[in-house]
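Work through the exercises below with the sequence and the 3D view at hand. Try each task before reading its solution.

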Amino acid sequence: IQTQIFIAAPNDARVKKSTRFWNAGGLEFNLTAEGVSFSMESLTSLAVGGIAFDTSIGLQADEEAAEDHVFTLYDNETASRTRQYDEKQYWVVYFDQSLRGLKPGAPVEFRGFRLGEVVDIGLEWDEANRRLRMPVLLETEPERLREATGITAEEALTMKEISDTGLRAQLQTGSLITGAKLVGLDFFPNAPPVELTTKGDYPVFPTVPTATGAIAQDVGSILSKIDE
C-alpha cells in the first residue's frame, strides 16, 4: 500500500534521506528484557490517527530528501529506530534450567551488545538420555558484528572458534522487575571442551549454567560429600 503525504514548511527541511516515519495513531506499551516502556502521541493522533517522523543525528552528513522520495512507514516508533539487517545466522541452544521468562523476541547479546534475538522455543524428547529437553532457536545478524569490529561472522562465529575460545551461551536475567530472560554470549576459558553437533540444518551452540545454577550445583556437590 502506498500513500502520499505533504509536509508543510518549515518542517519539510527536516526530512532527510535517513528520516524514519511511523504510525502514530495509538498507544505503545512494551514489556521486554530491558524493562517496561509506554508512549503515547497527541490526543488528536490518538483519536484520528497520524504519521510521525524523526531524523536522527549521526556522524555522517545527511542529504535532504527530494520530492516524491519513498520512505518505509513503520508500525511504531520503536520499530522505526531498529536497524534492518538482511543477513541471518541460526543456532540452537539447550539450557538445563527453567526457561520461564524467556520468550521469542528476547535479545541475544554479547556483554550487552545486541547480536540478534530468540526466534523459537520448542519441546522434544531426547531418546539417547531418556528425558525431555527444550531447544531454543537463536537468530544472529552478522552485519551487526561486521559494523562493530570489521570482521565477518564467518571469521568470528565459526564452530572451531567457539570450541577453541570457550565462547558459550548463558541464560541471563534481563529485568529483575519483569523476570524477563535473555541469552548472553561470553568467553568462559575454564569451560570444558564440548563436541560440536548440529540439529537438522542448525549448529548447536554450547552453553554454560547460569551463575545461580552453578552455585546450586556446587552447594549440592558439597552437601553430597558431607552426607558421605
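The exercises that follow concern a predicted model.

**Exercise 1. The whole chain**

State how many helices and strands the protein has, and what share of its residues is buried.

Solution.
- Step 1: the secondary structure consists of 6 helices and 15 strands.
- Step 2: the protein has 228 residues, and 28% of them count as buried, that is, under 20% relative accessible area.
- Step 3: turn to the surface. About 15,400 Å² is exposed, and carbon and sulfur atoms supply 53% of it.
- Step 4: look at contacts between residues at least 6 apart in sequence. Of these, 63% join residues at least 24 apart.

**Exercise 2. The sheet of 6 strands**

Find the strand order of the open sheet of 6 strands, and explain why one side of each edge strand has no neighbour.

Solution.
- Step 1: the order is E6-E11-E8-E7-E13-E12, and the pairing is mixed.
- Step 2: the edges are strand E6 (89–94) and strand E12 (167–173). Each has a single partner strand, so one side of each is left without a neighbour in the sheet.
- Step 3: on average, neighbouring strands of this sheet are turned by 30° against each other, direction ignored.
- Step 4: take one pair from the order. Strand E7 (residues 107–110) and strand E13 (residues 181–187) are joined by 3 bridges in the parallel sense. Here Phe 110 has Leu 185 in E13 as its bridge partner.

**Exercise 3. The largest nonpolar core**

Which residues of the largest nonpolar core touch the most other members, and which strand supplies the largest share?

Solution.
- Step 1: the core holds 18 residues, and those touching the most other members are Leu 102, Val 118, Val 136 and Val 183.
- Step 2: at least two core residues come from each of E6, strand E8 (113–121), strand E11 (135–140), E12 and E13.
- Step 3: E12 gives the largest share, with 3 residues.
- Step 4: follow Leu 102 outwards, leaving aside neighbours within four places in sequence. Its contacts are Val 118, Ile 121, Val 136, Leu 171, Lys 181, Leu 182 and Val 183.

**Exercise 4. The sheet of 3 strands**

Give the strand order of the open sheet of 3 strands and identify its edges.

Solution.
- Step 1: the order is E4-E1-E5, with mixed pairing.
- Step 2: strand E4 (51–54) and strand E5 (73–74) are the edges. Because each has a single partner strand, one side of each lacks a neighbour in the sheet.
- Step 3: strand E1 (residues 20–23) pairs with E5 in the parallel sense over 2 bridges. Phe 21 has Leu 73 in E5 as its bridge partner.

Methods
Residues are numbered from 1 along each chain as its sequence is written. This is a predicted model: local features need pLDDT of at least 70, side-chain atom pairs count only at pLDDT 80 or more; totals for chains, interfaces and linings use all residues. Side-chain values use heavy atoms; hydrogens and water are left out. Helices (H or I, at least four residues) and strands (E, at least two) are DSSP runs, numbered from the N terminus. Buried means under 20% relative accessible area, exposed over 50%, partly exposed in between (1.4 Å probe, protein chains only). Contact means heavy atoms within 4.5 Å. Accessible areas come from the Shrake-Rupley method with a 1.4 Å probe; for residues, only the protein chains shown count as cover. Two strands pair if DSSP finds at least two bridges between them. Axes are lines fitted to C-alpha atoms, for helices over the stretch in contact, and angles run from 0 to 180 degrees between N-to-C directions. A nonpolar core is a set of buried Ala, Val, Leu, Ile, Met, Phe, Trp, Tyr and Cys residues joined through side-chain atoms within 4.5 Å.
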